[in-house]
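This note is addressed to a colleague who wishes to read the model chain by chain and then contact by contact. Please keep the structure open while going through the points.

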4 protein chains.
Amino acid sequence: MFKSIIDVSSRDTDSLGHVNNTSLPLWFETSRNELYRIFNPSMELKPETWNLIMVHTEFDYLDQIYYGYEVEIRTYIEEIGNTSFTVYQEAWQKGKLRGTGRAILVDFNFNNQKKVPIPEDIRKELEKHLYRKQEVL
Amino acid sequence: MFKSIIDVSSRDTDSLGHVNNTSLPLWFETSRNELYRIFNPSMELKPETWNLIMVHTEFDYLDQIYYGYEVEIRTYIEEIGNTSFTVYQEAWQKGKLRGTGRAILVDFNFNNQKKVPIPEDIRKELEKHLYRKQEVL
Amino acid sequence: MFKSIIDVSSRDTDSLGHVNNTSLPLWFETSRNELYRIFNPSMELKPETWNLIMVHTEFDYLDQIYYGYEVEIRTYIEEIGNTSFTVYQEAWQKGKLRGTGRAILVDFNFNNQKKVPIPEDIRKELEKHLYRKQEVL
Amino acid sequence: MFKSIIDVSSRDTDSLGHVNNTSLPLWFETSRNELYRIFNPSMELKPETWNLIMVHTEFDYLDQIYYGYEVEIRTYIEEIGNTSFTVYQEAWQKGKLRGTGRAILVDFNFNNQKKVPIPEDIRKELEKHLYRKQEVL
């Protein structure tokens, strides 16, 4: 599991007095950085070398998130397929789970535009971050 | 169905040369404005009067979206329940469907923090925007 | 002068009940697209062909901007130098000037990392959009 | 001086291969949080109690910022007037100053819509963060 801390910005709030629904997708994307680094140690975000594409994201809004308190994002691997994997993420504030999300990514070769089976060493690294319910209890 | 046009910003792109996955959630939120207006004709976004909360969003990335060409967002109602409804949205560029999304919203009273059955007149209005496959052919 | 219409998003507001200061930089960037097109007719945003870099932006917040009403952005050229030019922009809502901004861009060759004198034909095109006070009266 | 660390997101980059000009305004806003806390210890971002409004921001883009390396934001007070003050901010990456910015804020009473002289205790607190050239040498 990867932990990252989000400093809520006034920009993240809306006039309803809480954090807008569009912040979770932004925070979760940022918090996948360490996961991207497993696939791309040099973190060179360019089509010649990058090897991941996003195919699906989803977000469940469980409780309101507020300005003035940091948010902790927990990032797990939920499932590993042959060429794709699912990321599961949680947003916690003041000890309470406020939102969750999933992202499905595919190991992809931008040069020939083909899916790539996830290499064994990367698979092993991903498995270290597999979600197990007891981790969050 | 509501149509809105997005002028893709350099901000929406990323170093992979296409639009970043985080743009769909932002564009789809903006494109739900006309839907929000059905529930809130005055569009006063404040807890005392606003009556919608977001409980779920999801996004499918079907094809790359590029800078330099406008994106058309089509916004439909997919399903209407007792207190909640599902929005279905599509992002088109250069005649091709590039991404889709769903958002589940609940009719909500912020003052007593309770779900509210969707009023009959609003339900009728929503029904005018129900998704029917032939509309997109 | 270029006109563009911004559909204010709930995302643009903050818990103070108005549009957050960070929206002007985003809206003004999007609204410079037609200006960028003068320099890059193909709008291919990649270092091999793109020819503009941003060196300075500034924003004056004159009055509050609200959700529920569209914002009109007016984009002018204020000054044209040898290799650089200044963009002047205004944000209007409900007939009132709410914010202004300036951006200084340089005509730049990314391949040899050198400034480029603005070509005569582009200069002529830019001059068509020069700010003249009477235009806004 | 306040230090904060920004985890650059793929969202912050653009197709030119670096961080987009619109990220500085977003990062600098987030990094002013600790400053806002001096004026608003409870950090309740609502018009009834909040006491700051933004009147001007500006940004100088000195060098490119890249994905894959964290950015350190340094936040200083540059000047303190009777009712307003100027924030000066720097963005550093890999030991190099990449961008700077200024923000002018006014101590403001939202209820009567009037400027307020900065209270003596807050002024003293702000003075602790005054920019002095030697700090960055």
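The points below take up the fold of one chain, the contacts between chains, and then individual residues.

1. Status and overall form of chain A. The model is predicted. Chain A holds 3 helices and 6 strands, and from the N terminus their order is β-α-α-β-β-β-β-β-α. Along the principal axes, the C-alpha atoms of chain A occupy a box of roughly 45 × 35 × 25 Å. The radius of gyration of chain A is 16 Å, which agrees with the value near 14 Å for a compact globule of 137 residues.

2. Burial and long-range contacts in chain A. Of the 137 residues in chain A, 38% are buried. Among the contacts in chain A with a separation of 6 or more, 66% join residues that lie 24 or more positions apart.

3. Strand pairing around β5(A). Strand β5 of chain A covers residues 96-109 and pairs with β2(A) in the antiparallel sense over 9 bridges. Within β5(A), Leu105(A) stands opposite Met54(A). Strand β4 of chain A (residues 84-93) is likewise antiparallel to β5(A), over 10 bridges, and here Leu97(A) in β5(A) faces Trp92(A). Strand β6 of chain A (residues 114-115) is joined to β5(A) by 2 bridges and also runs antiparallel to it; the bridge partner of Asn109(A) in β6(A) is Lys114(A).

4. The two hairpins of chain A. The hairpin of β4(A) and β5(A) leaves 2 residues between the strands, and Lys94(A) in its turn has a positive phi of about 50 degrees. The hairpin of β5(A) and β6(A) has 4 residues between the strands, with Gln113(A) at a positive phi near 55 degrees. Both backbone angles may be inspected directly in the model.

5. Chains A and B. Which operation lays chain B on chain A? A turn of 180 degrees with a shift of 0.0 Å along the axis does so, with an RMSD of 0.0 Å. Glu58(B) is the residue of chain B that comes closest to the rotation axis, its C-alpha being at 2.0 Å. The copies meet through the same surface, because 100% of the interface residues of chain B are also interface residues in chain A.

6. Composition of the A-B contact. In this contact, 21 residues of chain B meet 21 residues of chain A. On the side of chain B, α1 and β2 (52-61) are the elements that give two or more residues, and β2(B) provides the largest share, with 8 residues. By class, that side of chain B has 10 nonpolar, 6 polar and 5 charged residues. Strand β2 of chain A and β2(B) run antiparallel and are joined by 5 bridges. In this pairing, Glu58(A) has Glu58(B) as its bridge partner.

7. Chains B and C. Chain B is superposed on chain C by a rotation of 180 degrees with 0.0 Å of shift along the axis, at an RMSD of 0.0 Å. This is the relation of a two-fold axis. In chain B, the C-alpha of Ile6(B) is nearest this axis, 4.7 Å from it. The same surface serves both copies, since 100% of the contact residues of chain B recur in chain C.

8. Composition of the B-C contact. Chain B and chain C each contribute 17 residues to the contact. The largest share on the side of chain B, 3 residues, comes from helix α1 of chain B (residues 23-31). That side comprises 4 nonpolar, 8 polar and 5 charged residues.

9. Nonpolar core and helix α1. The largest nonpolar core has 107 residues, and those with the most contacts inside it are Trp27(A), Trp27(B), Trp27(C) and Trp27(D). Beyond its neighbours within four places in sequence, Trp27(C) is in contact with Ile6(C), Val71(C), Ile73(C) and Ala91(C). In chain D, helix α1 (residues 23-31) is mostly covered, with 8 of its 9 residues buried; Leu24(D), Trp27(D) and Phe28(D) are among them.

10. Glu58(D). Is Glu58(D) in strand β2 of chain D buried or partly exposed? Glu58(D) is partly exposed, with 17 other C-beta atoms within 10 Å. Residues up to four places away in sequence aside, Glu58(D) touches Thr57(C), Glu58(C), Gly101(D) and Arg102(D). Glu58(D) and Pro25(D) are 33 residues apart in sequence, and their C-alpha atoms are 8.3 Å apart in space.

Technical notes: Residues numbered from 1 in each chain as written. Chains lettered and ligands numbered in written order. Predicted model: local features only at pLDDT ≥ 70, side-chain atom pairs only at ≥ 80, totals over all residues. Least-squares fit on C-alpha atoms with pLDDT ≥ 70 in both. Contact = placed C-beta atoms within 7 Å. Nonpolar A, V, L, I, M, F, W, Y, C, P; charged D, E, K, R; others polar. Buried ≥ 20, exposed ≤ 12 C-beta atoms within 10 Å, placed from the backbone. Pairing = 2+ DSSP bridges. Core = buried A, V, L, I, M, F, W, Y, C linked by C-beta atoms within 7 Å. Rg over C-alpha atoms; globule rule 2.2 N^0.38 Å.
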